[in-house]
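Please look over the sequence and the model below before reading on. The text starts from a single residue and works outward to the whole chain.

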Amino acid sequence: MSHFFTSSVGKKFILSITGIFLMLFLIVHLSVNSLLMVGSDAFNSAAHFMTTNTVVQILEPILALGFLVHIIFSAYITWQNQRLRPVRYKRINRWGSTTWPSRNMFILGGLILIFLVIHLSNFWWQVKFGELDQVEAHGAMVHDLYALVASLFIEKWWYDVLYILGALFLGLHLSHGFWAAFQSLGWSNDLWRRRLKRVAYAFAVIMGVGFASIPVYFLVTAA
Ligand code: HEM
């Protein structure tokens, strides 16, 4: 069994499973964040649920572990590939095509990680250790996370640029990562490859445009 995790199939399997888990998180995260464009009550109530619900609390360390394992295994695979093939070569996949994201997955992942560290200090850290105002939303007293997000995007334009870039890097990473994950899990025949590529591009665009539209929304409505 321990052999499996060090074999190249095993490492790809772990990378795929953690990648799919992180994509599920992104769907939930974007859904909740979209409520920022509905209004403060809707978003604050949903954020309150996400920060107090027991199941979500249990999932939080699992999510952190998912990120950690995904980063460690991607670094390990990249390092091994470079060590085995020190001379750079044009990486062409088995169907004879190569895309810019597929050749730069590790760099894109690194840029997303830098974004993530800044992003967690902006919001997650403030929720856990900061002092947020309390407001009433749908009859309950909750943290005013909406005001925190709105003030960041309205008062500090460079964060809008950073979040739009973060969404772009994420979209590019997913445009390859989505179908590569399923391909590594065995869905690699011709028909599925074509289908998965289409779904991958749609998913990447929804995530990229979805996350980028939030800072854009605050910029436009505050103008
Ligand atoms: C406009 C874009 C985004 C906004 C407005 C946003 C907003 C937020 C907020 C308000 C929180 C704190 C919620 C809490 O602690 O419960 C949070 C947490 C988090 N965000 Fe984002 N986010 C955005 C994009 C992203 C992206 C692109 C990623 C991943 C690449 C991401 C990953 C995370 C993670 C991992 C957490 C911590 C989750 C937890 O432990 O509860 N976010 N985000």
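Gln126 is partly exposed, because 16 other C-beta atoms lie within 10 Å of its own, and a residue needs 20 or more to count as buried. In this predicted model, Gln126 is found in helix H6. Leaving out residues up to four places away in sequence, Gln126 touches Leu132 and Leu148. Glu136 is ten residues from Gln126 in sequence, and the two C-alpha atoms are 19 Å apart in space.

Helix H6 covers residues 105-129 and takes part in the surroundings of the ligand. The ligand has 22 residues around it, and the closest are Phe123, Trp124, Val127, Phe211 and Ile214. Which helix gives the most to this shell? That is H6, with seven residues. Helices H2 (8-34), H3, H4 (54-84), H7, H8 and H9 also supply at least two residues each. Sorted by class, the shell consists of 16 nonpolar, five polar and one charged residues.

Glu136, used above as a distance partner, leads to the strands. Strand E1 runs over residues 134-137 and strand E2 over residues 140-143; the two are antiparallel and joined by four bridges. One of the pairings is between Ala137 and Ala140, the latter in E2. Two residues lie between the strands of this hairpin. His138 is found in the loop between E1 and E2, and its phi is near 50°, a positive value in a residue other than glycine. Most residues other than glycine have a negative phi. Is His138 buried or exposed? His138 counts as exposed, because it has 10 C-beta neighbours inside 10 Å and the limit for exposed is 12 or fewer.

Now to the interior of the protein. The largest nonpolar core has 28 residues, and those with the most contacts inside it include Phe43, Leu170, Leu174, Phe178 and Phe203. Two or more residues of this core come from each of helix H3 (40-52), helix H7 (145-155), helix H8 (157-184) and helix H9 (190-222). H8 gives the most to the core, with twelve residues. In soluble globular proteins, nonpolar side chains tend to be buried together. Phe178 can serve as an example of the packing: beyond its neighbours within four places in sequence, Phe178 is in contact with Met23, Ala200, Phe203 and Ala204.

Helix H2 is another element to follow. H2 has 27 residues and reaches 38 Å from its first C-alpha to its last, close to the 39 Å expected at 1.5 Å a residue. Its buried residues include Leu15, Ser16, Thr18 and Gly19. H4 and H8 are among the elements that cover the buried residues of H2. H2 and H8 also each supply at least two residues of the shell around the ligand.

The whole chain can be described last. The protein chain has nine helices and two strands, and along the sequence they follow the pattern α-α-α-α-α-α-β-β-α-α-α. Its C-alpha trace spans about 55 × 40 × 35 Å along the principal axes. Of the 223 residues of the chain, 22% count as buried. Among contacts with a separation of 6 or more, 73% are between residues 24 or more positions apart.

Key:
Residues are numbered from 1 along each chain as its sequence is written. This is a predicted model: local features need pLDDT of at least 70, side-chain atom pairs count only at pLDDT 80 or more; totals for chains, interfaces and linings use all residues. A nonpolar core is a set of buried Ala, Val, Leu, Ile, Met, Phe, Trp, Tyr and Cys residues joined through C-beta atoms within 7 Å. Two residues are in contact if their C-beta atoms, placed from the backbone, lie within 7 Å. A residue is near a molecule or strand if its C-beta atom, placed from the backbone, lies within 6 Å of it. Ala, Val, Leu, Ile, Met, Phe, Trp, Tyr, Cys and Pro count as nonpolar, Asp, Glu, Lys and Arg as charged, and the others, Gly among them, as polar. Two strands pair if DSSP finds at least two bridges between them. The expected span of a helix is 1.5 Å times one less than its number of residues.
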